[in-house]
Amino acid sequence: MNDYRWNDLATGMAAQFEVELSAEMMSGFATISGDVNPLHADEEFAKAAGFPSRVAFGLLTTSFYSRLVGVYLPGKRALLHGIDVEFRLPAYIGDRLSVSGEVVFLNEAYRRLELKARIRNQAGNVISKASIQAGLRES
Amino acid sequence: MDNALIIRDLEPIFADILDQSDLRLAPESSASNVEGWDSLAHINLIVAIEKRYRIKFALGELQDLKNLGEMVILIQRKTRS
């Protein structure tokens, strides 16, 4: 886990990690959220709706932005203030996702950073983009 | 830009962040008399003002501000320098 301090941060700093979407993640998110929509839970229903397989929960993939901030940039001292996210493409079980973010703005007075972030699938296509606001705690 | 013009300029920014489409601001406006102006909204407002006017605030400059009128004076000073 990274542990960046305020003076370590600069615009242009970036972080990236990869994660594979699993069936276990899907079932775990369904349990937590209570979202039992068959588009996420029923393979045949999803196919009948025109998708190749069950569609991953958008907020499941968005949760990787939480990891980006809380583990990578800035890491340990982060406190998430907000995420503005836009979904571009569906994601599916087995997709290999690349999650990346770059510091685009730093507010010195309140030690707030803003990240421009993206999640791409294994084909390099953007499945979502986000603007993330996070505070940096002193301790 | 004079004080009144800056306040008019800030209104849509505040309206968006505070989620009040009909918000009207005055020099006396402050966190104590504007609905939704809490601590997190305050950070969002300061960040938005920094971006709008391409200025940077130090925490010490913000801590003693009593209302929007004082904020506008600070914005004027920073945009002149």
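Is B:Arg54 buried or exposed? In this predicted model, B:Arg54 is exposed, with a relative accessible area of 79%, and the legends below take this residue together with several other local views.

**Figure 1. The loop of chain B that holds B:Arg54.** B:Arg54 belongs to the loop between H2 and helix H3 (59-63) of chain B. Its phi lies near 55°, a positive value in a residue other than glycine. Most residues other than glycine have a negative phi. The relative accessible area of 79% is over the 50% cut-off, and therefore B:Arg54 counts as exposed.

**Figure 2. Overview of chain A and its order of helices and strands.** Chain A contains four helices and five strands, and along the sequence these follow the pattern β-α-α-α-α-β-β-β-β. The C-alpha trace of chain A spans about 50 × 30 × 20 Å along its principal axes. Of the 139 residues in chain A, 41% are buried. When contacts in chain A between residues at least 6 apart in sequence are considered, 70% of them join residues at least 24 apart.

**Figure 3. Strand S5 of chain A and the two strands that pair with it.** Strand S5 (residues 126-136) of chain A has eight of its 11 residues buried, so it is largely enclosed by the rest of the structure. Strand S2 (residues 78-87) of chain A pairs with S5(A) in the antiparallel sense over nine bridges, and strand S4 (residues 112-120) of chain A likewise pairs with S5(A) in the antiparallel sense over nine bridges. A:Gly135 in S5(A) can serve as a reference point for this view, since A:Leu79 stands opposite A:Gly135 and A:Arg112 also stands opposite A:Gly135. In the hairpin of S4(A) and S5(A), five residues lie between the strands, and A:Gly124 takes a positive phi near 85°.

**Figure 4. Two loops of chain A with backbone features of note.** A:Pro74 is found in the loop between helix H4 (58-72) and S2 of chain A, where a cis peptide bond with omega of about 10° joins A:Leu73 and A:Pro74. A:Arg111 lies in the loop between strand S3 (96-107) and S4 of chain A, and although A:Arg111 is not a glycine, its phi is positive, at about 50°. With a relative accessibility of 27%, A:Arg111 counts as partly exposed. Both features may be read against the general pattern: most residues other than glycine have a negative phi, and most peptide bonds are trans.

**Figure 5. The contact between chain B and chain A.** In this view, 13 residues of chain B are in contact with nine residues of chain A. The area buried between chain B and chain A is about 990 Å², and carbon and sulfur atoms give 60% of that area. B:Ile43, B:Val47 and B:Lys51 supply 39% of the area that chain B buries against chain A, which is more than any other three residues supply.

**Figure 6. The largest pocket, lined by residues of chain A and chain B.** The largest pocket has a volume of about 210 Å³. From chain A its lining includes A:His81, A:Gly82, A:Asp84, A:Arg112, A:Glu114 and A:Gln133, and from chain B it includes B:Ile17, B:Leu40, B:Asn44, B:Val47, B:Ala48 and B:Lys51. S2 and S4 of chain A, together with helix H2 (39-53) of chain B, each supply at least two residues of this lining. H2(B) gives the most, with five residues. By class, the lining of the largest pocket has four nonpolar, four polar and four charged residues.

**Figure 7. Two buried residues of helix H1 in chain B, B:Ile6 and B:Ala15.** B:Ile6 lies in helix H1 of chain B and is buried, with a relative accessible area of 3%. Leaving aside residues up to four places away in sequence, B:Ile6 touches B:Met1, B:Tyr53, B:Val72, B:Ile75 and B:Gln76. The C-alpha atoms of B:Ile6 and B:Ile73 are separated by 9.5 Å, whereas the two residues are 67 residues apart along the chain. B:Ala15 lies in helix H1 (residues 3-17) of chain B and is buried, with a relative accessible area of 13%. With residues up to four places away in sequence again left out, B:Ala15 touches B:Gln20, B:Ser21 and B:Leu23. B:Ala15 and B:Leu25 are 10 residues apart in sequence and 9.4 Å apart in space, C-alpha to C-alpha.

Technical notes:
Residues are numbered from 1 along each chain as its sequence is written. Chains are lettered from A and ligands numbered from 1 in the order in which they are written. This is a predicted model: local features need pLDDT of at least 70, side-chain atom pairs count only at pLDDT 80 or more; totals for chains, interfaces and linings use all residues. Side-chain values use heavy atoms; hydrogens and water are left out. Buried means under 20% relative accessible area, exposed over 50%, partly exposed in between (1.4 Å probe, protein chains only). Two strands pair if DSSP finds at least two bridges between them. On a 1 Å grid over the protein atoms alone, a cavity is a set of points where a 1.4 Å probe fits but cannot get out, and a pocket is an open set with protein on both sides within 12 Å along at least five of seven lines; lining residues have an atom within 4 Å of a point. Grid points are joined across faces, edges and corners, and a volume is the space filled by probe spheres set on the points. Ala, Val, Leu, Ile, Met, Phe, Trp, Tyr, Cys and Pro count as nonpolar, Asp, Glu, Lys and Arg as charged, and the others, Gly among them, as polar. Contact means heavy atoms within 4.5 Å. Buried area is the accessible area (1.4 Å probe) that two parts lose on being put together, summed over both.
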